[in-house]
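Please find below a colleague's note on the structure, set out as numbered points. The points turn first to the ligand and its surroundings, and then to the sheets and the helices that accompany them.

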Amino acid sequence: MRYISTRANATDPAQGRRFCEILLEGLAPDGGLYLPESYPVVSDATLSRLRDVYQQQGYAELAFEVLSLYIDDIPADDLRALCRKTYTPEVFGTKEIVPLRHLNNEIWIEALSNGPTLAFKDMAMQLLGNLFEYELARRGEELNILGATSGDTGSAAEYAMRGKKGIRVFMTSPAGRMSPFQQAQMFSLMDDNIYNIAVEGVFDDCQDMVKAVSNDLDFKRRYKIGTVNSINWARLLAQVVYYFAGYIQATTSNDQKVSFAVPSGNFGNVCAGHVARMMGLPIHRLMVATNENNVLDEFFRTGIYRVRGTADTLETSSPSMDISKASNFERFVFDLLGRDGARTKALFADAINRDGFFDLSKDPVFSQAAERYGFVSGSSTHANRIDTLRDTFNRSGMVIDPHTADGLKVALEHITPDVCTILLETALPIKFADTVAEALGRLPHRPAQFEGIEALPKRVQTMQADVTALKVLITQSCGY
Ligand SMILES: *Cc1c(COP(=O)(O)O)cnc(C)c1O
């Protein structure tokens, strides 16, 4: 399998890179995102085999089978060992890893949030940690992961990379702005290779510092600076696996279809659903659920993709979906445009930079987003979230988190008879206890291992929003 950039034409000699070449990279050199040159199609017989594999041998073996379709530069035994090491009941809480539970007759909830940080990002990040460690050891290299976080991504990255050989994590976050639970999760890590940096400022200050360091190409090369952001192809690929596992659990035969409802921000999670659908997994609809930051819902309703400025990006009660642009969206648009790299570039590099938006409403391809690719969408407000949380609890006794509530609200708008919907649970309610308490008048259940974490000793250093200070910290920590 070879990988191409969404912005280049297929005859470009820089195209055709292998999995491990793009594993440690972010964007392609031309600014595009990597995608496989084609999606391997899973036949009916293969899907039946994957059903058996998951049911009889478990999630890790299913992951190995799916990943093998895309990775041919890691020996099969090694890849299988990496999957087995990653997807264990000890780390993810159950034998199924991503069990389904019935919400009602039409909707299943797929639990993706029982990993170490209680959000679905663990599903991919835990594998990424093991893949990175493996590949760095093979090359005899080191990597310094530099990131900015306001919550879920940073903690998932730290829990995936803690104790990994050849890797350090420098994670900036706005001082005092994460919830006490999230701060405790990140700052209580005592591993030598994890550096928590609380920046006196807001999230954008953190992001600007990270960008400034990464734009210093000499520094970046010398100190092997890398990222783990959501555009990484390996993260997306790891997420494809749970669409298969969800489908297999909800159906008894391959002629049944299901829909997925996906709480969305950067379009990473639902893009994995798109990939699974392109592979032939019988998915009816992909329901894109946004909050007030409805960049994606606007596109699927109108054909206009308009990125928001900082002032127009709202802080909401489903904060992990607060985005100004959806960084993985370019992958889908590339497919929608018949994989025309020049046109994708004209939209994402030229039109967005010039006008801040592009408009496909009058282009015949726009109708294919729904008709051919199965996308529908919707958005929620804070009031919708509170109502959905309360209603769900009153009807079923189930407590869900605010992001999952956004997904449920949109699922209910698009439900079709005879096709069941799988709602992806992207976080556990305890991570967003305040909003849950606002809706239900009581705090959500706290898993035993998180009892009292706010009181644990913290390992964090506070810093002004100062790029030089950040570079000094990296230099001193590396010792070279
Ligand atoms: C990251 C995140 C999302 C959004 O996922 P994308 O892949 O960015 O679309 C939704 N819910 C939670 C809880 C998250 O952490």
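1. How many Å separate a polar side-chain atom of Lys121 from an oxygen atom of the ligand? In this predicted model, the distance between these two atoms is 2.5 Å. A second ligand oxygen distance to note involves the backbone: an N or O atom of the main chain of Asn266 lies 2.7 Å from an oxygen atom of the ligand. For a nitrogen atom of the ligand, a polar side-chain atom of Thr426 is found at 3.0 Å. With the protein in place, 97% of the 390 Å² of accessible area that the ligand has on its own is covered.

2. The surroundings of the ligand comprise 15 residues. The closest are Lys121, Asp152, Gly265, Asn266 and Asn269. By residue class, the shell consists of 5 nonpolar, 8 polar and 2 charged residues.

3. One sheet is open and has 5 strands, arranged in the order S8-S5-S6-S7-S15 with parallel pairing. Its edge strands are S8 (225–226) and S15 (461–464), each of which pairs on one side only. Strand S7 (residues 194–200) pairs with S15 in the parallel sense, over 4 bridges. Within this pairing, Ile197 has Gln461 in S15 as its bridge partner.

4. Which helices pack on this parallel sheet? Helix H6 (residues 121–139) does so, touching strand S5 (143–148) and strand S6 (167–174). The direction of H6 makes about 140 degrees with that of S6. Helix H20 (residues 467–478) also packs on the sheet, and touches S5, S6, S7, S8 and S15. The direction of H20 makes about 155 degrees with that of S6.

5. Another open sheet is formed by 6 strands in the order S3-S4-S14-S9-S10-S13, and its pairing is mixed. The strands at its edges are S3 (100–102) and S13 (375–379), each pairing on one side only. From one strand to the next, the twist averages 25 degrees.

6. How do S3 and strand S4 (residues 107–111) pair, in the parallel or the antiparallel sense? They pair in the antiparallel sense, over 3 bridges. His102 stands opposite Trp108, a residue of S4.

7. Helix H18 (residues 402–414) should be viewed together with the mixed sheet. H18 lies across S4, strand S9 (258–263), strand S10 (283–290), S13 and strand S14 (420–425). Relative to S10, H18 runs at about 130 degrees.

Conventions:
Residues numbered from 1 in each chain as written. Predicted model: local features only at pLDDT ≥ 70, side-chain atom pairs only at ≥ 80, totals over all residues. Heavy atoms only, no water. Near = heavy atom within 4 Å. Polar contact = N/O pair within 3.5 Å; in protein donor to acceptor, adjacent residues only side chain to side chain. Areas by Shrake-Rupley, 256 points an atom, 1.4 Å probe, with all protein chains shown as cover. Nonpolar A, V, L, I, M, F, W, Y, C, P; charged D, E, K, R; others polar. Pairing = 2+ DSSP bridges. Helix = DSSP H or I, 4+ residues; strand = E, 2+ residues; numbered from the N terminus. Contact = heavy atoms within 4.5 Å. Axes fitted to C-alpha atoms, helices over the stretch in contact; angles between N-to-C directions.
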